[in-house]
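Let's take a friendly walk through a protein chain together. Have a look at the sequence and the 3D view below, and keep them at hand as you read.

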Amino acid sequence: MPLAAMGEIVEPARAAGFGVCAFNVIGIEHAEAIVAGAETARAPVVLAISENCASYHGALEPIAGACLALARRARVPVAVHLDHASSAELVKAAVELGLGSVMYDASALRYADNVRATAETAHWCHGRGIWVEAELGEIGGKDGVHSPSARTDPDEAAGFVAATAVDALAVAVGSSHAMLTRVAVLDLGLIARLHRAVGVPLVLHGSSGVPDQDLAAAVRAGMTKINIATQLNKVFTAAVRACLTAEPAAVDPRRYGSAGRDAIAAEVARLLRLTRTAGIVETGIVQEGTAGPREPAVGEGAKAGGAGEPLSPVE
Ligand SMILES: [Zn+2]
């Protein structure tokens with residue numbers, strides 16, 4: 001299965017009412033586990049590399065190269081995405097390395113400056129066939145990005161998309177980055193209004209703080225791309241900690257690294273099934289006579305049209 005374009009994964013999902021998960025990579029074990037989990041769930045997936053992840057590795061190229069190689073040999077569609085890039089230089093570096101999509105985050109700027117900077121980046125990217133996500137609704141303050149109290153206005157969102165020509169929009173609807181507990185309360189009515197007002201897929205950041213049932217409800221309300229980072233770091237670190245506690249003499253990183261990797265793979269498969277089946281009942285894809293919703297096949301939505309202490313910002 002070749003490396004997938006983001007649009008091939010996200011656009012059919014939006015049309016069909018499925019959710020698509022983008023999981024943040026930290027190291028190669030994360031990337032391997034995310035692909036393995038997607039193969040288990042037989043679902044397309046997005047490997048997201050944040051600007052902070054590139055900084056952690058000292059450069060984008062080593063981790064991007066690993067993700068691209070894993071995507072090319074995966075048995076499901078895998079897109080490799082640059083997440084939360086505030087630097088136009090990093091966007092250009094990502095495109096040169098072969099990433100097919102970027103999130104350009106100018107949300108800390110004033111509205112007019114966000115529009116201007118995002119439109120410029122989108123124009124540059126579209127000239128090279130690159131899919132662009134942007135963000136609107138960040139209000140800053142002591143809670144930082146994606147403050148739980150931040151809200152994206154639907155009319156402003158529609159105007160922003162029209163003025164910038166972005167392919168997807170990250171919106172503020174009640175979630176917050178890097179939450180260690182899953183107690184965020186989403187504004188589902190606002191998600192529905194944004195879905196009606198905005199003609200491009202909506203992106204939920206900070207999804208790790210959202211309970212399962214609310215993630216499903218967000219997809220049903222019109223959210224398409226679900227970004228998850230901290231939740232995977234939590235399960236990875238818990239598994240590594242358990243392994244080292246059980247085997248205090250262990251020194252080979254492959255011993256505990258594989259425990260962490262297995263834990264991520266299982267959580268990825270679970271979250272992909274949750275978000276991909278969430279919209280099915282309302283979109284009428286349930287097969288009569290079956291006990292429950294039919295899980296979409298791997299081609300559907302993808303080919304039908306084709307840490308506990310995370311670096312900030314993370315999901
Ligand atoms: Zn984010």
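What follows moves from the whole chain to one helix and then to a few single residues.

**The whole chain**

Keep in mind that this is a predicted model. The protein chain has 315 residues, and 53% of them count as buried. Its backbone includes 12 helices and eight strands.

How confident is the prediction? The mean pLDDT of the protein chain is 87, and 85% of its residues reach 70 or more. Residues 139–144 have a pLDDT below 50, and this stretch makes seven contacts in the model beyond near neighbours in sequence. The pLDDT is also below 50 over residues 281–295, a stretch with 17 contacts in the model beyond near neighbours in sequence.

**Helix α9 and its surroundings**

Now find helix α9, which spans residues 212–221. Which residues of α9 are buried? They are D214, L215, A218, V219 and A221. These residues sit on the same side of α9, because they cover an arc of only 165° around the axis. What do the buried residues of α9 pack against? Their partners are α8 (188–197), β7 (202–204), β8 (223–228) and α11 (253–278).

Let's pick out one of those partners, α8. The axes of α8 and α9 come within 8 Å and cross at roughly 30°. Angles under 35 degrees count as roughly parallel, so α8 and α9 are roughly parallel to each other. Their crossing is right-handed. On the α8 side, L188, I191, A192 and H195 take part, and they meet A217, A218 and A221 in α9. A218 and A221 also belong to the buried residues of α9.

Right after α9 comes G222, whose phi is positive, near 130°.

**Two non-glycine residues with positive phi**

Next, turn to H84 and A165. Neither H84 nor A165 is a glycine, yet each has a positive phi, of about 50° for H84 and about 65° for A165. H84 lies in strand β3, residues 78–85. A165 is placed in the loop between α7 (154–164) and β6 (168–171).

Is H84 buried or exposed? It counts as buried, because it has 28 C-beta neighbours inside 10 Å and 20 or more are enough for that. A165 has 15 other C-beta atoms within 10 Å, so it is partly exposed.

**Two residues and their contacts**

V102 and A117 are good places to practise finding contacts. V102 is found in strand β4, residues 101–104, and it is buried, with 27 other C-beta atoms within 10 Å. Not counting residues up to four places away in sequence, V102 touches H81, L82, A85, V91, A94, C125, I130 and V132.

A117 belongs to helix α6, residues 111–126. With 18 C-beta neighbours inside 10 Å, A117 counts as partly exposed. Leaving out residues up to four places away in sequence, A117 touches A106 and L109.

The table gives one C-alpha pair for each of these two residues.

| Pair | Apart along the chain | C-alpha separation |
|---|---|---|
| V102 and A134 | 32 residues | 8.6 Å |
| A117 and S107 | 10 residues | 9.9 Å |

Try locating both pairs in the 3D view: V102 with A134, whose C-alpha atoms are separated by 8.6 Å, and A117 with S107, where the separation is 9.9 Å.

Key
Residues numbered from 1 in each chain as written. Predicted model: local features only at pLDDT ≥ 70, side-chain atom pairs only at ≥ 80, totals over all residues. Buried ≥ 20, exposed ≤ 12 C-beta atoms within 10 Å, placed from the backbone. Helix = DSSP H or I, 4+ residues; strand = E, 2+ residues; numbered from the N terminus. Arc of directions from axis to C-beta. Contact = placed C-beta atoms within 7 Å. pLDDT = per-residue confidence, 0-100. Axes fitted to C-alpha atoms, helices over the stretch in contact; angles between N-to-C directions. Parallel < 35°, antiparallel > 145°, perpendicular 65-115°, else oblique. Left-handed = near helix turned anticlockwise from the far one by under 90°.
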